Amino acid sequence: MSVQPQRPHAAVVFLCLLACGLAIPDPRQREALIQLEAFMQTGGQMVLTDAEQRLDTLLLKIKQEETAREHFPPAMHFFRARDLIRTSPIFSLLQKMPKGGALHVHDFSMVDAEWLVKNVTYRPHCYMCWTDSQSIRFIFSSQQPKPLPRCSSWALLENLRAKTINTTDLDDSIMRNLTLFTDQDPEATYPSQDVVWDKFEQIFLALWGLVTYAPVFRDYFYQGLTQFYTDNVMYLELRALLPEVYELDGSTHDRAWTLKAYQDITRQFTAEHQDFFGARIIVTIHRGVNASVMTEAVKEAMKLKKDFPDFMAGFDMVGREDRGRPLWYFREALSLPAEKGVSLPFFFHAGETDLEGTEVDQNLLDALLLNTSRIGHGFALLHHPVAKDLSRKRGVAVEVCPISNQVLKLVKDLRNHPAAALMSENHPVVISSDDPALFGTSGLSYDFYEAFVGFGGIKSHVGSLKQLAMNSIRYSSLTAQQQEKAMDEWQRRWNKFVSENHF
Ligand SMILES: [Zn+2]
């Protein structure tokens, strides 16, 4: 048996509105309004089975207990909240829950820093140097590498570890350079957006030499897929810069080679994990480039899309939106595919800002003008009613990354995240993790926790979770036929999850 949520009768609501202010409100009318809001939220129209309702009862009970705790994780900085979240029974349920797809994740922040230090930096021929801005750089090389500007001379890590008394300290200090996560006070460590973004960019430069070394590149992506798969994510859309990957002798491969390597590893991983649906690549370029570089990048992306039509999903640009050039600056380059009648779907980051009214703040409308397929972050969407309306009407989903927005200082208390309002009216949203390794998370479960407990409070329920997971397939770049197949597989896993956890 299942219970079909009923849209409250319009006449009841209308009468209620007429009656408001005339006398003591009628409890039935009040109930009708409450039901109307419940119906409007993400998952509010979901039909729940008996087993799902039993799981919901359990979830509500543990959520009430969690909300009553002295420290409420979504109200805290994630770095302080992480240990609390790890002990949460809701979190362990969310880890087991089949979450569908991760649609907003970046290439070099899939795998935790510990794996990089313990695995990658222990490989032979790994050199490290210290920059004059207190960061580090790496390179694998068969011979002593040429010195880098503004960096100490290269030290072979193998020799360095042999000479170091306490290698744990050395490893810890390397690790601190590969993630934003810190045990120190996060507010003091990162007092402003500028400070946290500067460190963010330094980390990418530090990672670069490690992850663009061909053998590591392949292992890293495989490990990244493993971490998402382990977190019960069945599909991934990865934003990837497609760097020129290098070999030990210093020779490099072109970008098509890199895309092909992603494809090969995805095929291998999917063959070895039958219930994993696969991955697709959104090719990215840094938004700091000029118009002519962008034109070349778009032309190259059009060619790659033609050569890898099923594996490449589309195109986007990365880097701090507030500091980069706005979409409008690149309008000519970004109009090329439409002009030439070539398919190159866009998945633009837009509205990852709190600088209302600036050029960058127009990115949301411009992304929609340029026919974006989804919106990355859309943090500023509530400030743009027209963009919000268009996004809803066209089914252009917003990729919400709660922990990223908090760590990068757009919002402090996740109960106040704009997506809480979007979810209260079932705006098309998906939950993703952006740069999990940099934020000290993995997979999607931490971000699902913040969305479920923080955005929704007590009112979000098992239907909300189900809707979010289904959205991640519905708004993916997969074809209608692939979506149907992925949805069937997800449903099978969901039913199993519900039957094992409703008690
Ligand atoms: Zn992003």
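This passage walks through the domains, sheets, core and a few single residues of the structure.

The structure is a predicted model, in which local features need pLDDT of at least 70 and side-chain atom pairs count only at pLDDT 80 or more, while totals for chains, interfaces and linings use all residues. Residues are numbered from 1 along each chain as its sequence is written.

The protein splits into domain 1 (2-71), domain 2 (93-110 + 217-498) and domain 3 (114-178); these bounds come from an automatic or database domain assignment. Between domain 1 and domain 2, the C-alpha centres are 32 Å apart. Where the two meet, 18 residues of domain 1 are in contact with 16 residues of domain 2, contact being counted when the C-beta atoms of two residues, placed from the backbone, lie within 7 Å. On the domain 1 side, the elements that supply two or more residues are α2 (27-40) and α3 (50-67). Helices here are DSSP runs of H or I with at least four residues, strands are runs of E with at least two, and the numbering starts at the N terminus. Helix α3 gives the largest share of that side, ten residues. By type, the domain 1 side breaks down into eight nonpolar, six polar and four charged residues. In this count, Ala, Val, Leu, Ile, Met, Phe, Trp, Tyr, Cys and Pro are nonpolar, Asp, Glu, Lys and Arg are charged, and the others, Gly among them, are polar.

Next come the sheets. One is an open sheet of four strands in the order β3-β7-β8-β9, with parallel pairing; two strands pair if DSSP finds at least two bridges between them. Its edges are β3 (101-106) and β9 (312-318), each of which pairs on one side only. On average, and ignoring direction, neighbouring strands of this sheet are turned by 25° against each other. Helix α12 (residues 255-272) packs on the sheet and touches β7 (235-240), β8 and β9, with its direction at about 155° to that of β8. For such angles, axes are lines fitted to C-alpha atoms, for helices over the stretch in contact, and values run from 0 to 180 degrees between N-to-C directions.

Inside this sheet, β7 and β8 run parallel and are joined by six bridges, with Glu 237 standing opposite Arg 280 in β8. Strand β8 (residues 278-286) also pairs with β9 in the parallel sense, over six bridges. Along that pairing, Ile 282 has Gly 314 in β9 as its bridge partner, and Ile 285 stands opposite Met 317 in β9.

How much of β8 is buried? Eight of its nine residues are, so β8 is largely enclosed by the rest of the structure. For β9 it is seven of the seven, so this strand too is largely enclosed by the rest of the structure. A residue is called buried if 20 or more other C-beta atoms (placed from the backbone) lie within 10 Å of its own, exposed if there are 12 or fewer, and partly exposed in between.

The largest nonpolar core has 125 residues, and Leu 236 and Val 283 touch the most other members. Such a core is a set of buried Ala, Val, Leu, Ile, Met, Phe, Trp, Tyr and Cys residues joined through C-beta atoms within 7 Å. Setting aside residues up to four places away in sequence, Leu 236 touches Gly 101, Ala 102, Val 105, Leu 225, Phe 228 and Ala 279.

A further open sheet has three strands, in the order β5-β4-β6, with antiparallel pairing. Strands β5 (136-140) and β6 (155-156) stand at its edges with a single partner each, so one side of each has no neighbour in the sheet. Strand β4 (residues 126-130) runs antiparallel to β5 and is joined to it by five bridges; here Tyr 127 stands opposite Ile 139 in β5.

Met 128 also lies in β4 and is buried, with 22 other C-beta atoms within 10 Å. Beyond its neighbours within four places in sequence, Met 128 is in contact with Ile 136, Phe 138, Ala 155 and Leu 157.

Two residues catch the eye for their backbone angles. Most residues other than glycine have a negative phi. Arg 150, not a glycine, has a positive phi of about 55°; Arg 150 sits in the loop between β5 and β6 and counts as exposed, with 11 C-beta neighbours inside 10 Å. Asn 371, not a glycine either, has a positive phi of about 70°. Asn 371 lies in the loop between α15 (363-369) and β11 (374-377), and is partly exposed, with 15 other C-beta atoms within 10 Å.
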